[in-house]
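Welcome! Have the structure open beside you as you read, and turn it around whenever a residue is named.

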Amino acid sequence: MNKRHAAAGGLVALLLALAAYWYWSPFLAVRELQKAAQAGDAVAFNAHVDYPKLRESLKLQLSGLLSQRLGAAPESSNPVAALGGLIGQRLITPMVDALVRPETVMAAMQNGRLGPPAAAPPAAPAPAPGDPAPPGAAPPGQTQKARWIIDRQGVDRMTAYVVDAARPDEPDSERLGLVFERSGFVDWKLTGVRLPSSAGGKP
């Protein structure tokens, strides 16, 4: 009986551990991406990114933004807007291809901005001994990482929103969001992006 009880207890503990691992797997996925980005490990980073879906997500949002900007006047009465829309649509694909690259997406995970990796700023002078460090400053030799919050949408989808340290109370709609989808038991992949509403992006 004692062996049966021990076996049953071990099985329950294992199931609880698996359930906890499954529940926390989205947070672990974001953390793993941040660690890979920080280390510049493109192989580990790319294992968690579905680049075709990510490109398609950004194309749809940029196309919607372009249509919104040019849709104020009917195309038939505004040939300039129609020409601009045609040119803009043709430029979206190469622009997205330039944006959605491993180094660019890794930079977004580190600094919370989607765009070409910025050049490293000049090093600030070290504070004199005894002087307090500036608020929010990273420790010497380290770069400050973006902070992300997780919004789960069901069991197979989540969005990680970057939190601007200067505006911690802004709504999620004004934050850059990275969309993840579950593949398998605990494997999460980055499949989409949500641009801030101020940029004209749509969920």
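## Aromatic rings and a four-stranded sheet

Let us begin with tyrosine 23, which is partly exposed, because its relative accessible area is 41% and the partly exposed class lies between 20% and 50%. Please keep in mind that this is a predicted model. Tryptophan 24 is partly exposed as well, with a relative accessible area of 48%. Phenylalanine 27 also falls into the partly exposed class, at 30%.

How do the rings of these residues meet? Two aromatic pairs are counted here. In one of them, tyrosine 23 and tryptophan 24 meet edge-to-face. The other joins tryptophan 24 and phenylalanine 27, and this pair is tilted. The table sets out the geometry.

| Pair | Distance between ring centres | Angle between planes | Class |
|---|---|---|---|
| Tyrosine 23 and tryptophan 24 | 5.4 Å | 90° | edge-to-face |
| Tryptophan 24 and phenylalanine 27 | 5.0 Å | 55° | tilted |

Why do these two pairs get different names? Planes over 60 degrees apart count as edge-to-face, while those under 30 degrees apart are stacked and the rest are tilted. An angle of 90° is therefore edge-to-face for tyrosine 23 and tryptophan 24, whereas 55° makes the pair of tryptophan 24 and phenylalanine 27 tilted.

How far apart are tryptophan 24 and phenylalanine 27 along helix α1? They are three residues apart in this helix, which covers residues 2–39, so about one helical turn separates them. Taken together, Tyr23, Trp24 and Phe27 make up one aromatic cluster.

Now look for arginine 152. Its charged end sits over the ring of tryptophan 22, at 5.6 Å from the ring centre. Arginine 152 also lies over the face of tyrosine 23, where the distance to the ring centre is 5.0 Å. Tyrosine 23 thus has a place both in the aromatic cluster and under arginine 152.

Next comes the sheet. It is open and has four strands, in the order β1-β2-β3-β4, with antiparallel pairing. Which strands stand at the edges? They are β1 (147–152) and β4 (187–194); each has a single partner strand, so one side of each is left without a neighbour in the sheet. From one strand to the next, the twist averages 30°.

To finish, follow one of the strand pairings. Strand β3, residues 177–183, pairs with β4 in the antiparallel sense, and seven bridges link the two. For leucine 178, the bridge partner in β4 is valine 193.

Definitions and conventions. Residues numbered from 1 in each chain as written. Predicted model: local features only at pLDDT ≥ 70, side-chain atom pairs only at ≥ 80, totals over all residues. Heavy atoms only, no water. Phe/Tyr/Trp six-rings, centres within 6.5 Å; stacked < 30°, edge-to-face > 60°. Buried < 20%, exposed > 50% of the residue type's maximum accessible area, 1.4 Å probe, protein only. Lys NZ or Arg CZ within 6 Å of the ring centre and 35° of its normal. Pairing = 2+ DSSP bridges. Axes fitted to C-alpha atoms, helices over the stretch in contact; angles between N-to-C directions.
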